[in-house]
Amino acid sequence: GNSSESIEAIREYEEEFFQNSKLLKTSMLKAHQVTTRNLSLAVSDCFWKMVRESVEQQADSFKATRFNLETEWKNNYPRLRELDRNELFEKAKNEILDEVISLSQVTPKHWEEILQQSLWERVSTHVIENIYLPAAQTMNSGTFNTTVDIKLKQWTDKQLPNKAVEVAWETLQEEFSRFMTEPKGKEHDDIFDKLKEAVKEESVKRHKWNDFAEDSLRVIQHNALEDRSISDKQQWDAAIYFMEEALQARLKDTENAIENMVGPDWKKRWLYWKNRTQEQFVHNETKNELEKMLKCNEEHPAYLASDEITTVRKNLESRGVEVDPSLIKDTWHQVYRRHFLKTALTHCNLCRRGFYYYQRHFVDSELECNDVVLFWRIQRMLAITANTLRQQLTNTEVRRLEKNVKEVLEDFAEDSEKKVKLLTGKRVQLAEDLKKVREIQEKLDAFIEALHQEK
């Protein structure tokens, strides 16, 4: 265009002017120092020099910061690689997925043992208080079995399958937690604890237990409890052992309850300078009176008749001890319970040799071991339930949990706020700062490099 021609013209004119100028002829100005081109180059040179100096100064200050941060890292975490938040998340993710995989390596035997033990812990009170004791206190084998069968049926209709599924779900969660939070020896890195806890909670929250589980269990448990044919001596002995353990635990609780009620015996009072309260004294007197009564009638039923309560009251009053009937009943409940459990344990011991009679249906035998058969039925139901639950766990639930964990990890990976919240602490901050400082410093270095090339 026109303007560029005029610029050329001016430049030519300018050069010509300077060439013919007196100044140049007398060599006071060197030709290359003048002209607009030269002047602009001089300005830009000076400007770029200022820019470069300021950038280099910046770069130096970043170098110092970087040196300080690196020194801090070396002194605090000499054996660790610097991982920023995203790299840490990747590492944690791999660890978590490995831990979930190890769930599938839990042995069937281990699953079944925990399931059986936890289920028994959950239902033992019901079995003993609501099924065994009421039946055993009927004092007659026909009514014992009738009571037991009716109560077992009511129990399997609703509560039992439900409790079993609950136990399985909790067991899965506990095993999962154990793998997720078990310190890995010296290697354990607590930087992941918060994240792992969050992944665990979220995965568990998303896990819906299979609905058919309860219905199929109900049928299996019902069938298991219906069966009464004990096939060998070994199973008989196992049932006796199981029954003894259960009753022994109840007896121990009862002994403690009685001791709390009547206060310390003379030995403890003498050794530890403990005294009985007035209430404990009254309970103790009542207990002694009731025990006398039980000695006279070992076959006493579970309930005290009102005339018996009156008799006990009068006997105590004659010794100057005032008692009201409800205290007598409370004391009786524990005293009778202890007596009953001790008798049951003696009977259990007699039944050790009962398998032979059991096989002949207790024909012409003094011995009846219905209670052992009940405990065998319960024990077998527990084993079959544990086996069924273990299959449900290992075939479907563990895999579904694994799928949930993967999804949760994917969601967390997208959510940078979550990562900042769950991966925190000095070490993460330091690694993040180092990463930033290095990035900036690299950019500055590249920029300085470019400026030098310009020149």
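This is a short tour of helices, salt bridges and a few single residues to select in your viewer.

Before you start, note that the model is predicted, that local features need pLDDT of at least 70 and side-chain atom pairs count only at pLDDT 80 or more, while totals for chains, interfaces and linings use all residues. Residues are numbered from 1 along each chain as its sequence is written, and side-chain values use heavy atoms, with hydrogens and water left out.

**Stop 1: Asp-371**

Select residues 370-414, which make up helix H16, and pick out Asp-371 within that helix. Helices here are DSSP runs (H or I, at least four residues; strands are E, at least two), numbered from the N terminus. Asp-371 is buried; buried means under 20% relative accessible area, exposed means over 50%, and partly exposed is in between, with a 1.4 Å probe and protein chains only.

Which side chain of opposite charge is nearest to Asp-371? Arg-377 is, but it is 11 Å away, and Asp-371 has no salt bridge. For charges, Lys and Arg count as positive and Asp and Glu as negative, while His and the chain ends are not counted. A salt bridge is a side-chain nitrogen of Lys or Arg within 4 Å of a carboxyl oxygen of Asp or Glu.

Now show what surrounds Asp-371. Leaving aside neighbours within four places in sequence, Asp-371 is in contact (heavy atoms within 4.5 Å) with Tyr-132, Phe-144, Met-243 and His-347.

**Stop 2: H10 against H16**

Keep H16 on screen and add helix H10, residues 233-262. Two packed helices are described by the angle between their axes and the distance between the axes. The axes of H10 and H16 come within 8 Å and cross at roughly 95°. That makes H10 roughly perpendicular to H16. Axes are lines fitted to C-alpha atoms, for helices over the stretch in contact, and angles run from 0 to 180 degrees between N-to-C directions. Angles under 35 degrees count as roughly parallel, over 145 as roughly antiparallel, 65 to 115 as roughly perpendicular and the rest as oblique.

To see where they meet, colour the H10 residues that include Trp-236, Phe-242 and Met-243, and the H16 residues that include Asp-371, Phe-375 and Trp-376.

**Stop 3: H5 and the loop after it**

Next, select residues 108-136, helix H5, which packs on H16 at an angle of about 140° with the axes 8 Å apart. H5 is therefore oblique to H16.

Move on to Asn-140, in the loop between H5 and helix H6 (141-157). At 42% relative accessibility, Asn-140 is partly exposed. Draw a distance from its C-alpha atom to that of Glu-368: the two are 228 residues apart along the chain, yet separated by 9.8 Å.

**Stop 4: Val-408**

Go back to H16 and select Val-408. Buried or exposed? Val-408 is buried, with a relative accessible area of 0%. Its C-alpha atom is 6.9 Å from that of Glu-202, although their positions lie 206 residues apart in sequence. Beyond neighbours within four places in sequence, the contacts of Val-408 are Val-199, Glu-202, Ser-203 and Arg-206.

**Stop 5: salt bridges**

Side chains of opposite charge can pair when their charged atoms come close. How many salt bridges does the structure hold? There are 35, and three are picked out here.

- Glu-255 and Arg-338 meet at 3.1 Å, N to O. Glu-255 lies in H10 and Arg-338 in helix H14 (residues 325-350), so the pair ties together parts that are 83 residues apart in sequence. Glu-255 is partly exposed at 29%, whereas Arg-338 is buried at 13%.
- Glu-70 and Arg-66 have their closest N and O atoms 3.1 Å apart. Both are in helix H3 (residues 35-76), and being four residues apart they are separated by about one helical turn. Arg-66 is partly exposed at 25%.
- Lys-268 and Glu-259 have their closest N and O atoms 2.9 Å apart. Lys-268 is partly exposed at 32%, and Glu-259 is partly exposed at 35%. Salt bridges that share partners also join Arg-66, Glu-70, Glu-82 and Arg-438 into one network.

**Stop 6: H12 and H14**

Finish with helix H12 (residues 278-296), which packs on H14 at about 50°, axes 9 Å apart. The two helices are therefore oblique to each other. Among the H14 residues that meet H12 is Arg-338, the salt-bridge partner of Glu-255.
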